[in-house]
Amino acid sequence: MSRMNTVVVLTALNVEYNAVRKHLADLQLHRHEAGTRFEVGSIPDTDCRIALGLTGAGNAPAAVLAERAIHEFRPVAILFVGIAGALWDSTALGDVVIASRVYAYHGGTSEDDGFFARPRTWEAPHHLAQLVNHVARSQSWMDRLSSHANPPKVHFSPIAAGEIVQNSRVSREADWVRTRYNDAAAIEMEAAGVAQAAHFNGAPVGIVRGISDRADGTKTSHGDVMWQPQAAINAAAFAVHLAAELIAEETIVPSRRTETALSPASVFNVASGTVGIQAGNVSGSTVWMNVSPVGPRLDDMAAAVSALRVHLDRDYANREVDEDTYEAACAELKTAENALGESSGAGRKTSLLALKRLSGLVTGTTNIAANIAAVITAVNALS
């Protein structure tokens, strides 16, 4: 199966799985060596093939099966499709919410003076976000619904992903989510795991959810019988149409693989035995063909380290970093800045050590940890 025409679609529940499955033809069973079963089928009148899998509920199993599917099929993208609860009345039952970002909202630290959020966050890939909005505007996806009466609205908004079923507006947990993540439109239990797996493997990921309840204490078995199937049907229709559009777009822009930032013409060669090559520049195991190696400048690194302080101040103001951690992190930043001002290799080594200690202090915060990792990589590259 070619990755050029394959999209992985995962669901947590059978009602969601069946809603997607109804859109597929020529289904064939694909069994992973560990026992996981996928069904692979085509979307009629398109070049798109869907590898469909069932994860069960929860972020942990969703993450494991997402990574398994990514390695098994090497897809153009991975979509997680299903139902969710609405956090606000502006999102109606049956509406479709596509995640502009995913909050793993259960991350945090418990201190004597309270609980402080340390969520992880994943943004939707830019090209996928653009396509989602295009599909929503065109409304062509609704042709996949059996009826156009009372058509659902599409929301491109943040989604909160946790570890519990949320069905209250007044509980401590409910108040926490609605206060700390008040831009989230929906809440569910799998998106964080899928987003993490996709991030680790460099795969574009989209989260598509149909609203089946309001997560406010009114969720009932009777309501689930009525709204879960309809919400799943709506989400499946949008996701299948989005998958077809992704494959159609892939024929125009055939590869979205991240290119190395070393240089416009850098080459990586893995071989066994003796290899002969004519090269313009060789540094360690990296070869530049007909170009000079371009590395980061010291003044760029100083500016990047200074920018980390802005992120740190923001996280502290948002109470995502406690006071003791903030003071220790500021000290490490100052050490890193001062050491970069030295021209010696020892100064850069001191800066690297300070940045690594800083990374350990703020592991788990929303953005700064990733930014620190990028700066560490750049300082390492200083010649």
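Is Glu 337 buried, partly exposed or exposed? In this predicted model, Glu 337 is partly exposed, because its relative accessible area is 27%, a value between the 20% and 50% cut-offs. Its salt-bridge partner is Arg 309, with the closest N and O atoms 3.4 Å apart. Arg 309 is likewise partly exposed, at a relative accessible area of 24%. The bridge joins distant parts of the chain, since Arg 309 belongs to helix H7 (residues 298-317) and Glu 337 to helix H8 (residues 323-340), with the two positions 28 residues apart in sequence.

The whole structure contains seven salt bridges. Two of them involve Arg 209. In one, the side chain of Arg 209 meets that of Glu 188 at an N to O distance of 2.8 Å. This pair also links distant parts of the chain: Glu 188 is in strand E11 (residues 186-188) and Arg 209 in strand E12 (residues 205-213), 21 residues apart. Both Glu 188 and Arg 209 are buried.

In the other, Arg 209 pairs with Glu 190, and the closest N and O atoms are 2.9 Å apart. Glu 190 sits in the loop between E11 and helix H5 (191-201), whereas Arg 209 is in strand E12, so this salt bridge ties together parts separated by 19 residues in sequence. Glu 190 is buried, as is Arg 209. Elsewhere, salt bridges with shared partners connect Arg 101, Glu 123 and Asp 183 in one network.

The largest nonpolar core has 38 residues, and the members that touch the most others are Ile 50, Phe 238 and Leu 242. Two or more residues of this core come from each of strand E1 (6-11), helix H1 (14-21), strand E4 (49-54), strand E5 (77-86), strand E6 (96-104), helix H3 (126-138) and helix H6 (221-250). Helix H6 supplies the largest share, 13 residues.

The surroundings of Ile 50 were examined without its neighbours within four places in sequence. On that basis, Ile 50 is in contact with Val 7, Val 9, Leu 24, Glu 39, Val 40, Gly 41, Ile 43 and Ala 243. A further core of 34 residues lies apart from the largest one, and its members include Val 40, Ile 70, Val 97 and Ala 197. Val 40 thus appears both among the contacts of Ile 50 and among the members of this other core.

Note on methods
Residues are numbered from 1 along each chain as its sequence is written. This is a predicted model: local features need pLDDT of at least 70, side-chain atom pairs count only at pLDDT 80 or more; totals for chains, interfaces and linings use all residues. Side-chain values use heavy atoms; hydrogens and water are left out. A salt bridge is a side-chain nitrogen of Lys or Arg within 4 Å of a carboxyl oxygen of Asp or Glu. Helices (H or I, at least four residues) and strands (E, at least two) are DSSP runs, numbered from the N terminus. Buried means under 20% relative accessible area, exposed over 50%, partly exposed in between (1.4 Å probe, protein chains only). A nonpolar core is a set of buried Ala, Val, Leu, Ile, Met, Phe, Trp, Tyr and Cys residues joined through side-chain atoms within 4.5 Å. Contact means heavy atoms within 4.5 Å.
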